[in-house]
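Subject: Structure handover

Dear colleague,

I am passing on the structure below, together with some notes on what came out of the analysis. Please read the notes with the structure open beside them.

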Amino acid sequence: MYKRVLLKLSGEFLSDESGFGINPDTTRQLAQLIISALDGTDVELAVVIGGGNLWRGTRNGKGMDPATADYIGMLGTVMNAMALQDAMEAAGKPTRVMSAIQMQAVAEPYIRRRAIRHLEKERVVIFGGGNGAPFFTTDTTSTLRALEIGADVVLMAKNKVDGVYDKDPQKYADAVRFGALTHMDVVEQRLAVMDATALTLCMDKGLPIVVFDIFQEGNLSRLFRGERVGTLISTPDIVAAARGALDALEASAESKAQS
């Protein structure tokens, strides 16, 4: 079972079908999903949430100074973090927002030891403001914060995609899902999991990643309890063991089907 987890969320999870803005009802549903999954576990949870529902530099920042466009995106992540915090605390879960860009009226400044102390006190910590510098994505922020707080894993939450495929499963019916991959497998096969900087950092430090569908019922709860869900990306020894376990499960299922 995981003790400390970094959950990476997309900003679009807070919006309605348009994919833009913050929808209070949708945000409350996401907060309740997370809280329900935490119930009955000892998991310490940190969250990084993107800002694509409010601002995307590649889309909204055309013609702007790239650094300025990135800073605007970072402010968007703080807005999303505040919305998620409000929804979680309304449901009774103590939550803290920590921002890499100081704005003490609405969020605590990010201090590593303080973040760890919040986690030890069973508060959910939401990291906003990216890592405080432009030209980095929230994928990189997720990896960096996970390593800083000593997280056991980065959980990359997706919507309607239950793992890593050899090609886009929403476009190709014959797409094949991987059960387990090494970090190098992802690099060599150019699989769209996270940006290259984030992936390289995970590989260098041996930090596992799980890519999964957060909206498939029970998935997050199962992950918090240490069950296999989605696609595991890890070191070669762990991946070899995971593949062996998967092969054994498939063989057992085949045997039962034949009998």
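To begin inside the fold, threonine 143 sits in helix 5, which covers residues 138-149, and with a relative accessibility of 0% this threonine counts as buried, since the cut-off for that class is under 20%. Apart from neighbours up to four places away in sequence, threonine 143 is in contact with Met194, Ala198, Leu201, Cys202 and Leu207. Please keep in mind throughout that this is a predicted model.

Another threonine can be described in a similar way. Threonine 182 belongs to strand 9, residues 180-182, and is buried, its relative accessible area being 11%. When residues up to four places away in sequence are not counted, threonine 182 touches Ile233, Ser234, Thr235, Pro236 and Val239.

As for the whole chain, the protein has nine helices and 11 strands. Its radius of gyration is 18 Å, close to the 18 Å that the globule rule gives for 259 residues, so the protein is as compact as a globular protein of that length. The C-alpha trace spans about 65 × 45 × 35 Å along its principal axes, and buried residues account for 48% of the 259 residues. If one takes the contacts between residues at least 6 apart in sequence, 72% of them join residues at least 24 apart. The accessible surface comes to about 12,900 Å², and 50% of that surface belongs to carbon and sulfur atoms. The protein carries 28 positive and 32 negative charges, and the mean positions of these two sets are 4 Å apart.

On the packing of the interior, the general expectation is that nonpolar side chains in soluble globular proteins tend to be buried together. In this model the largest nonpolar core holds 37 residues, among which Leu7, Leu9, Leu155 and Phe212 touch the most other members. Helix 1, residues 24-38, supplies the largest share of this core, namely six residues. A second core, separate from that one, has 29 residues, including Tyr110, Phe127, Met156 and Leu191. Phenylalanine 212 may be worth displaying by itself: beyond its neighbours within four places in sequence, its contacts include Leu7, Leu155, Met156, Val161, Leu220, Leu223 and Val229, and also Lys158, Asp162 and Asn219.

Two loop residues have backbone angles that you may wish to look at. Glutamate 122, in the loop between helix 4 (112-120) and strand 5 (124-128), has a phi near 65 degrees, a positive value in a residue other than glycine. This glutamate is exposed, with a relative accessible area of 59%. Lysine 160 likewise is not a glycine and has a positive phi, of about 70 degrees; this lysine lies in the loop between strand 6 (153-158) and strand 7 (164-165), and is exposed, at a relative accessible area of 65%.

Finally, lysine 205 is part of helix 7, residues 196-205, and is exposed, with a relative accessible area of 58%. From C-alpha to C-alpha, lysine 205 and threonine 138 are 18 Å apart in space, while 67 residues separate them in sequence.

With best wishes

Key
Residues numbered from 1 in each chain as written. Predicted model: local features only at pLDDT ≥ 70, side-chain atom pairs only at ≥ 80, totals over all residues. Heavy atoms only, no water. Core = buried A, V, L, I, M, F, W, Y, C linked by side-chain atoms within 4.5 Å. Buried < 20%, exposed > 50% of the residue type's maximum accessible area, 1.4 Å probe, protein only. Helix = DSSP H or I, 4+ residues; strand = E, 2+ residues; numbered from the N terminus. Contact = heavy atoms within 4.5 Å. Rg over C-alpha atoms; globule rule 2.2 N^0.38 Å. Areas by Shrake-Rupley, 256 points an atom, 1.4 Å probe, with all protein chains shown as cover. Lys, Arg positive; Asp, Glu negative; His and termini not counted. Charge placed at Lys NZ, Arg CZ, Asp CG, Glu CD.
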